[in-house]
Amino acid sequence: MKSRRLVSTIAVAFLGLWGMLQPAFPYGGRAQDHWNPAHLQNLPRGLRAIVQKWEAACGGSIAAAQQFALYLTVPGGELVALHFDDFRCANKSVHCSTTGCLHEVYIATNGQYRRVLAVRARDIRLLGDQDTALVEISGVSGETRALRWNGRRFVE
C-alpha cells in the first residue's frame, strides 16, 4: 500500500513539473520559420545572384531552409554546398527528380563563385580532411561515393 502511494505521489509530482516546462523556441518564444527568406537574403552576394535565377524557373517566389547552404573553408578558398532539397520552389521538378535533388558546390575565391560540382543525389556532405576536402555523395538507392578536392575540382 505504501509503495502504491509513493508511486502515485511521484507520478503527480512528475506531471506537475512536466506542466511547468515550456518548449524552447528561438527568437523570443516563437518557432523559427523553416522557409525564412533571410536564409537566401543572408547568402553572400555572388551566391544570392546565382540562386535568384531559379525564381523564373520555379514560377514564383523562392525560399530556403537554414541548411540550404553549408560552408567549408579549404586552403585557397571556401567551398559552399547548396542543397536544393532544402529549397522551396513551386515547380520542384526543376531541381528534384527520381534520381534525387540537385546539389551544387561552389568555390569562393576573392569574392567570386565558381561551380565545381553539380549532382542529383539524395544528399551530399562536405567534409574536411587535413588540408583538403571531401564530398560524400549519397544516392537514392543507398550507394555512397566520395570525391576529393584537388585544389581545382573534385576527383575520384
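This is a guided walk through the structure above, from its overall make-up to its sheet, its cores, two buried polar residues and its disulfides. Please keep in mind that the model is predicted.

Let us begin with the whole chain. The protein is built from 5 helices and 11 strands. Of its 156 residues, 34% count as buried. The accessible surface amounts to about 10,100 Å², and carbon and sulfur atoms account for 54% of that area. If you take the contacts between residues at least 6 apart in sequence, 42% of them join residues at least 24 apart.

Next, have a look at the strands towards the end of the chain. Strands of a sheet pair through backbone hydrogen bonds, either parallel or antiparallel. Here, an open sheet of 4 strands runs in the order S8-S9-S10-S11, and the pairing is antiparallel. S8 and strand S11 (154-155) are the edge strands; each has a single partner strand, so one side of each has no neighbour in the sheet. Between S9 and S10, the antiparallel pairing extends over 5 bridges. To find your place in this pair, look for Leu134, which stands opposite Arg148 in S10.

Now to the interior. The largest nonpolar core has 18 residues, and those touching the most other members are Leu79, Val105, Leu126, Val135, Trp149 and Phe154. At least two residues of this core come from each of strand S2 (69-74), strand S3 (77-83), strand S6 (100-109), strand S7 (112-121), strand S8 (123-129), strand S9 (132-138) and strand S10 (144-149). The strand that gives the most is S7, with 4 residues.

Trp149 is a good residue to centre your view on. Leaving aside residues up to four places away in sequence, Trp149 touches Val74, Leu79, Ile107, Arg114, Val116, Thr132, Ala133 and Phe154. Apart from the core just described lies another, of 17 residues, with Trp54, Cys58, Phe84 and Tyr106 among them.

One of the neighbours of Trp149, Thr132, deserves a closer look. Thr132 is part of strand S9. Its relative accessible area is 16%, which is under the 20% cut-off, so Thr132 counts as buried. A polar atom of the Thr132 side chain lies 2.7 Å from the backbone oxygen of Trp149. Beyond four places in sequence, Thr132 touches Val74, Leu127, Arg148 and Trp149. Val74 is thus a neighbour of Thr132 and also of Trp149.

Where does a charged-type side chain such as that of Glu104 find its polar partners? We can start with its place in the fold: Glu104 is found in strand S6. With a relative accessibility of 4%, Glu104 is buried. Its side chain makes a polar contact of 2.9 Å with the side chain of Tyr106, and a polar contact of 2.9 Å also joins the side chains of Glu104 and Arg115. Tyr106, as you may recall, is a member of the 17-residue core. Not counting residues up to four places away in sequence, Glu104 touches Val80, Ala81, Leu82, Phe84, Arg115, Leu117 and Ala118. Of these, Ala81 is 23 residues from Glu104 along the chain, yet their C-alpha atoms are separated by 5.7 Å.

We finish with the cysteines. A disulfide is a covalent bond between the sulfur atoms of two cysteines. This protein has 2 disulfides, and they follow the pattern 1-2, 3-4 when bonded cysteines are counted along the chain.

One disulfide joins Cys58 to Cys89, with an S to S distance of 2.0 Å. The link of Cys58 and Cys89 is left-handed, with -115° about the S-S bond. This pair ties together distant parts of the chain, 31 residues apart: Cys58 sits in helix H5 (residues 54-58), while Cys89 sits in the loop between strand S4 (87-88) and strand S5 (96-97). Cys58 is buried at 2% relative accessibility, and Cys89 is buried at 9%. Cys58 also belongs to the 17-residue core.

Another disulfide joins Cys96 to Cys101, with an S to S distance of 1.9 Å. The torsion about the S-S bond of Cys96 and Cys101 is about 105°, so this disulfide is right-handed. Cys96 and Cys101 are both buried.

Note on methods:
Residues numbered from 1 in each chain as written. Predicted model: local features only at pLDDT ≥ 70, side-chain atom pairs only at ≥ 80, totals over all residues. Heavy atoms only, no water. Core = buried A, V, L, I, M, F, W, Y, C linked by side-chain atoms within 4.5 Å. Buried < 20%, exposed > 50% of the residue type's maximum accessible area, 1.4 Å probe, protein only. Contact = heavy atoms within 4.5 Å. Polar contact = N/O pair within 3.5 Å; in protein donor to acceptor, adjacent residues only side chain to side chain. Areas by Shrake-Rupley, 256 points an atom, 1.4 Å probe, with all protein chains shown as cover. Disulfide = S-S within 2.5 Å. Pairing = 2+ DSSP bridges.
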